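User: I am new to this structure and would like a close look at a single part of it. Please pick one region and walk me through what surrounds it, explaining the terms as you go.

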Amino acid sequence: MDAESALPERARVALARLVEGNRKFVAEMPFDADLSAARVTQLAADGQHPFATVIACSDARVAPEHLFRCGLGDIFCIRTAGNTIGPGELASAVYGSAHLGAPLLVVLGHTGCGAVGAALEPGDHGALEPILGKIRAAIGDERDPHAASVANVRAGIDTLRAQTDLARLETVGALAIVGALYHTDTGAVTLL
Ligand SMILES: [Zn+2]
């Protein structure tokens, strides 16, 4: 969490909002995010201005809007099995960050990830290979599932930082790219 204070102001505020939302989620505090019809109407009229872009696993337990206690219009969410980042996900990340102006870009991995687990297993997994190949390249020789999930997040961050538009935004302080891990046993998110 020490790295938080070094973030640009808008990114720091956005990250604090996610951290606070997850604290409420873990504490089972009443859901207070805005899902109202009035919010639907407002967003239709004003358009979306999400405060964060989140790249997360498609795992049904890892729904960012829930675990960060966010409402409609809050998170520009990109989800793939294993939170892998291909050309479409990368373009979506640029859209959320550069076009919509979300100041924070989070790669959110999680414990007990089935995609990471499958990548650790030998053999050809058929149609899953495009995703598993990315994860294998990310984790290298790592065989511990938890460490592999962390390595997969870090590789995702590297992929994002290798993209010209995102790198430029981060250089000028208009964007912060951070990694995080959702713990499926506790509901808590830790920053990496
Ligand atoms: Zn997963």
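Analyst: Let's begin with strand 3 and strand 4, which run parallel and are joined by 7 bridges. Strands here are DSSP runs of E with at least two residues, helices are runs of H or I with at least four, and both are numbered from the N terminus. Two strands count as paired if DSSP finds at least two bridges between them. Residue numbers start from 1 along each chain as its sequence is written, and the model is a predicted one, in which local features need pLDDT of at least 70 and side-chain atom pairs count only at pLDDT 80 or more, while totals for chains, interfaces and linings use all residues. Side-chain values rest on heavy atoms, with hydrogens and water left out.

One place to see this pairing is Leu105, whose bridge partner in strand 4 is Ile177. Strand 3 also has strand 1 as a partner: these two pair in the parallel sense over 4 bridges. There, Ile55 stands opposite Val107 of strand 3. Strand 1 in turn pairs with strand 2, again in the parallel sense, over 6 bridges. Ala56 faces Arg79 in strand 2, and Cys57 has Thr80 of strand 2 as its bridge partner. In general, strands of a sheet pair through backbone hydrogen bonds, either parallel or antiparallel.

Now for the whole sheet: its 5 strands form an open sheet in the order 2-1-3-4-5, with mixed pairing. Strand 2 (75-80) and strand 5 (189-191) are the edge strands, each pairing on one side only. Neighbouring strands are turned against each other by 25° on average, direction ignored; angles run from 0 to 180 degrees between N-to-C directions, with axes fitted to C-alpha atoms, for helices over the stretch in contact.

How covered is strand 3? It is mostly covered, with 7 of its 7 residues buried, where buried means under 20% relative accessible area, exposed means over 50%, and partly exposed lies in between (1.4 Å probe, protein chains only). Leu104, Val106, Leu108 and His110 point one way from strand 3, Leu105, Val107 and Gly109 point the other way, and all of them are buried. In a regular strand, side chains alternate between the two faces of the sheet. Strand 1 is mostly covered too, with 6 of its 6 residues buried.

Part of that cover is easy to find. Helix 1 (residues 9-26) lies across strand 1, strand 2, strand 3, strand 4 (176-182) and strand 5, running at about 35° to strand 3. The buried residues of helix 1 are Ala11, Ala14, Leu15, Leu18, Gly21, Asn22 and Lys24. They pack against the five strands and also against helix 3 (64-67), with contact meaning heavy atoms within 4.5 Å. Because a helix is expected to span 1.5 Å times one less than its number of residues, the 18 residues of helix 1 should span 26 Å, and its end C-alpha atoms are indeed 26 Å apart. Just after helix 1, Glu28 takes a positive phi of about 55°. Helix 7 (residues 145-161) lies across strand 1, strand 3 and strand 4, running at about 160° to strand 4.

Finally, follow strand 3 to the zinc ion. Which protein residues supply its donors? They are Cys57 (SG), His110 (NE2) and Cys113 (SG), at 2.0 to 2.3 Å from the ion. Donors are N, O and S atoms within 2.8 Å of the metal (3.2 Å for Na, K and Ca), and water is not among the atoms, so sites may look incomplete. Along the sequence, the spacing of the donor residues is C-x52-H-x2-C. Distant parts of the chain are linked here, since Cys57 sits in strand 1 (residues 52-57) and His110 in strand 3 (residues 104-110), 53 residues apart. Both Cys57 and His110 are buried.
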